[in-house]
Structures are given as structure tokens and as C-alpha cells.
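Me: I'd like a close look at a single part of this model, one strand and its partners. Please keep it informal, and then take me on to the odd spots elsewhere in the chain.

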Amino acid sequence: MKILAIDSSSMVATVAIATEEMLIAEYTVNYKKTHSQTLLPMIDEIMKMTETERDSISAIAVTGGPGSYTGLRIGSATAKGMGLALNIPIINVPTVDALAYNLYSSQYIICPIMDARRGQVYTGIYRFRGTQMEILHSQCIMMIEDLIYELDKIGMPVMFLGDGVPVHQNLIDTTMASEHHYAPLSMNRHKASALAALAIQYYRQGKTETAEQHQPDYLRASQAERELQKKKEETHS
């Protein structure tokens, strides 16, 4: 089995090709370019460099949300298009779960935080029992203060990662009672290799969908949709 993994749910664009036995290649860019500029060229380059034929791909793994609306749409559309063209399944992995899997077999409570603005984060709470990841709190959107409260209730050492860390680190350091740490740069952002590893488990468990079925999960309405709803409420008030 060979998987193409795609994650464009954040500022990071990351692509990997992996089998059940090894990571063949990974290409990650975290720079000032849009995913519409980077993602398809990255896929093309990584497949050329590894001499991977498209018809050798068994499934496409993609982070299905939450995350950047534009990024999720681009990633999902890319996965969907390739899945339809190659007639292969999609492995839809929750974005925050894939980010947590960066810290495979960690002794800490794992808390990914993705900046959702307005004091909110996309997050979840995880831990490993040996090599099995356990979800203590499924991915969701919440205020950072509420997340800190939930973690303090658990009362165990926490490892944070994700692009929400630089935004909220000062608040975490000044208000959180529990011992906490921050993942190093080698594992503190989205990695298609971690996505691929978790996706392989999903594949074995039969957690796949057709390209036609695949849809991203935004967890909340887009800013444009929220503004439209606000105008409607103001009109009717």
C-alpha cells in the first residue's frame, strides 16, 4: 500500500508519500506563498523525485478540517480531484488528530492549538497509552481560557504544539497552573509524515470514503457567512 498525504489546513503546506513500512519522501513549506501556488507543484515534484507513478497510489490522505477555509478547500479539492481521476479512496483525518500524532508515544498530555482568532483555538486533548493515541477531548473550537481550565482539571504535564502557541503562549504561561511545555521546531507544526502514519491506521480499520463523499469539516461558519448572518439578525432586530 502506498499513500499520498496532503495537508494544507494551516500556513504550512506539506505533502508525503509513504508505505506501511517507511516514509518515502516528505516536502514541507512554511513560507509566504498561497497553497494554490505551492500544493500541486509540490505533489508533482515529490512524485517525480521518487519516480512514483500515479496509478501506484492506493489512497490519498488529507486533513479534513478544521483549519484555514481556503487551505482546507484547496487540500480537499486536490484530494478529491486525484481520487476521482485515479478511482481511489480518500482517508479523511481530523486535522487536530494528525497534528497531535506528531508527538507519537509522548508521555505528556498532548494539546495542539491552531489559532482560530478572536481568542479562540482549534484544539483537542490527547495522550498515548504506549503506542496507541487516546482522544480525551475530540477536536473542537474553544476559547483559550476555557482550554487552560480543562487542562488544569486534568492536572497532568502538557505539551503544546501548533501555530496557536506563539499567539497564546504568554497567556498560557501566566495563567496555567499545570506543568506545561512546548514542542520543538522539528515537530511543532503540521507534518504530512504524521498524517500519513495515522492515515495508514485509518486505512487498516476501513475508515475511508470515496472522492464523491469527501467534504471538509470547518467546525464553524466562514467569516463571510458569519457577517452575512449578523446582517440578517440586525435587519430583523
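In which sense do strand β1 and β2 pair, and over how many bridges?

Reply: Two bits of housekeeping before the strand. This is a predicted model, so local features need pLDDT of at least 70, side-chain atom pairs count only at pLDDT 80 or more, and totals for chains, interfaces and linings use all residues. Residues are numbered from 1 along each chain as its sequence is written, and side-chain values use heavy atoms, with hydrogens and water left out.

Now to your question. Strand β1 (residues 2-7) and β2 run antiparallel, and six bridges join them. Strands here are DSSP runs of E at least two residues long, helices are runs of H or I with at least four, and both are numbered from the N terminus. Two strands count as paired if DSSP finds at least two bridges between them. For one contact to look up, I3 has A18 of β2 as its bridge partner. The two strands make a hairpin, with five residues between them.

On to the next neighbour. β2 also pairs with strand β3 (residues 23-29), again antiparallel and over six bridges. Here V15 sits opposite Y27 of β3. This is a hairpin too, with three residues between β2 and β3.

How covered is β2 itself? Seven of the seven residues in this strand (residues 13-19) are buried; buried means under 20% relative accessible area, exposed means over 50%, and partly exposed is in between (1.4 Å probe, protein chains only). Neither face is left open: A13, V15, I17 and T19 are buried on one side, and T14, A16 and A18 on the other.

Next, the backbone oddities. Most residues other than glycine have a negative phi, and most peptide bonds are trans. R117, in strand β6, has a positive phi near 70°. With a relative accessible area of 62%, R117 is exposed. S105 has a positive phi as well, near 65°. You'll find S105 in the loop between α3 (95-100) and β6 (109-117), and its relative accessible area of 37% makes S105 partly exposed. There is also a cis peptide bond, from G65 to P66, with omega near 5°. P66 belongs to the loop between β4 (59-63) and α2 (69-86).

What about the cysteines? The structure holds zero disulfides, a disulfide being a pair of cysteine sulfur atoms within 2.5 Å. C111 is in no disulfide, and the nearest cysteine sulfur, in C140, is 9.1 Å away. That 9.1 Å is too far for a bond, seen from the C140 sulfur as well. C111 is buried, at 0% relative accessible area, and C140 also counts as buried, at 16%.

One last stop is on the surface. L136, I154 and M156 make a nonpolar patch of about 210 Å². Patch members need over 30% relative accessible area and no salt bridge, with nonpolar side chains (Val, Leu, Ile, Met, Phe, Trp, Tyr) joined within 5 Å and like charges within 9 Å. A salt bridge is a side-chain nitrogen of Lys or Arg within 4 Å of a carboxyl oxygen of Asp or Glu. I154 is part of helix α4 (residues 144-154) and counts as partly exposed because its relative accessibility is 34%.

Key: Accessible areas come from the Shrake-Rupley method with a 1.4 Å probe; for residues, only the protein chains shown count as cover.
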